[in-house]
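Please open the model in a viewer and keep the selection panel at hand. The tour below proceeds from the overall division of the chain to the ligand and then to the helix packing.

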Amino acid sequence: MASRATQFTIIGGGVVGLSVALGLLQAGRRVTVLDGSDGDFRASQGNFGLVWLQGKGADFAAYAELTRDAVAAWPGFAAMLGELTGVDPALDPCGGYEFFTDPAEFADFSAALERQRAHLGNRFSHEIIDGDDLRRAHPRIGPDVVGATFCALDGHVNPLRLLRALRSAVVTLGGRIVTDAAVTDVATAGGGFALSLRDGRHLGADRIVLCAGLGSSPLAERLGFATRVRPQRGELLITEKLGSRLPFLSSTIRQVDEGGVQIGGTKADAGPDDRESLGQMAGLARHAVRVLPALADVRVVRAWGALRVMTPDGYPVYARSPRHSGACLVTCHSGITLAPLHAGILTAWIDDPSRAPGLEAFDEDRFALSEAA
Ligand SMILES: Cc1cc2nc3c(=O)[nH]c(=O)nc-3n(C[C@H](O)[C@H](O)[C@H](O)COP(=O)(O)OP(=O)(O)OC[C@H]3O[C@@H](n4cnc5c(N)ncnc54)[C@H](O)[C@@H]3O)c2cc1C
């Protein structure tokens, strides 16, 4: 159990908390991760597994840079995890497409990619491909697809294997992961923190990093953070395993390394409800068949809903509590893509923000500024 010997207590053992824990352990810190229970909403167990740059930060240069850095760091990160744990997160940086059946959406997204390129300069390149050219390269693409964008820097991983690798890496480096350890309250105590757990236990902590996904908000409030996260439901389908490989990766259709085709992901503000719905599933299947008509003959074997962890503006929050300098809040969407940075530069920032000035843009004071404007 967490004790004074632990320098950092991470609240939340999803992909974000474990990535932060890994980085701190690699920097020589003593770390305990307190994680909730199986009934919690866990985006890390229900996501689409993309390591995706295309479109990210078109209207927020710092996020475009952050995502570009993360994508660049992924091959080394995947190799490090594989060597440390023997678990390969199956990174496939094969490049990715966004397919469009609506000309207006195609035009809007193409313009967004130009804005993203303006931020990133020669660190970003993309292609805009009209439907006929696309079908010349990929004859199985359906006639309803009016065009696509392509970015050679996009890729994907096996997100469950990533989670397993992160857990194993944390334990291998001497970190402690305590499950069924939901923190229900936090207060300052003797220069550190006193944590109350749901099962009645009480723990001390020197420094804490709050990474509890959708469980963050009540504790964030107690610690003086302004950020409140909200759920956004995404629904996904997965098909039977195919004998052959799909010739492409896209943001909505990807073949996982084990052979099934994953089709996603809807967006709905449905509150704390992660149940899948027939209407959304039918819409996903229709979209997939329009893009790749051959999928009509493939059986769907599973469907699920999962809740994204969304900050008020959808961008990451890396914040230090205004009341207690020993408490940080780390929360984001795209925690798969950003994992190498959460185990890297963010660790330096947690120790000393002046060591990672590029992360200032992600402070939660931006919400106060936008409210005042
Ligand atoms: C449908 C969908 C598709 C997605 N696709 C992608 C994608 O393609 N690429 C990408 O980069 N990202 C994607 N994401 C986002 C990504 O999954 C998340 O950013 C990431 O998983 C968030 O991780 P987390 O650790 O913050 O949260 P979670 O995975 O939700 O973990 C939070 C953890 O905190 C624990 N916890 C909660 N409350 C407490 C408490 N009080 N005390 C202790 N522990 C607590 C929970 O038990 C849980 O283990 C997707 C998400 C969804 C839902």
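The domain bounds used in this tour come from an automatic or database domain assignment. The model itself is predicted.

**Stop 1: the domains.** Select residues 8-48, 160-229 and 313-372 together as domain 1, and residues 93-154 and 230-310 as domain 2; the protein is divided into these two sets. Placing a marker at the C-alpha centre of each domain gives a separation of 30 Å. Twelve residues of domain 1 and 14 residues of domain 2 take part in the contact. On the side of domain 1 that touches domain 2, there are five nonpolar residues, six polar residues and one charged residue.

**Stop 2: the ligand.** Select the ligand next, together with the 42 residues that surround it. The closest of these are Gly 14, Gly 36, Gly 213, Gly 215 and Gly 234. Colour by element: α1 (15-26), β13 (230-241) and β16 (300-310) are the elements that give two or more residues to this shell. Which element supplies the largest share of the shell? β16 does, with four residues. Recolouring by class divides the shell into 20 nonpolar, 18 polar and four charged residues. Both domains take part, since at least three residues of the shell come from each of domain 1 and domain 2.

**Stop 3: helices α1 and α5.** Hide the ligand and display α1 with α5. Their axes are 9 Å apart and the helices pack at an angle of about 35 degrees. The crossing of α1 past α5 is left-handed. To view the contact, show Val 15, Leu 18, Ser 19, Ala 21, Leu 22 and Leu 25 of α1 against Leu 162, Leu 163, Leu 166, Arg 167, Ala 169 and Val 170 of α5. This contact of α1 with α5 comprises ten nonpolar residues, one polar and one charged.

**Stop 4: helices α2 and α5.** Keep α5 (residues 159-172) on display and add α2 (residues 61-85); the two axes come within 9 Å and cross at roughly 60 degrees. That angle makes α2 oblique to α5. Here too the crossing is left-handed, as α2 passes α5. Select Leu 81, Leu 84 and Thr 85 in α2, which meet Ala 165, Ser 168, Ala 169 and Thr 172 in α5. How many charged residues does the contact of α2 with α5 have? The contact of α2 with α5 has no charged residues, alongside four nonpolar and three polar ones.

Definitions and conventions. Residues numbered from 1 in each chain as written. Predicted model: local features only at pLDDT ≥ 70, side-chain atom pairs only at ≥ 80, totals over all residues. Near = placed C-beta within 6 Å. Nonpolar A, V, L, I, M, F, W, Y, C, P; charged D, E, K, R; others polar. Contact = placed C-beta atoms within 7 Å. Axes fitted to C-alpha atoms, helices over the stretch in contact; angles between N-to-C directions. Parallel < 35°, antiparallel > 145°, perpendicular 65-115°, else oblique. Left-handed = near helix turned anticlockwise from the far one by under 90°.
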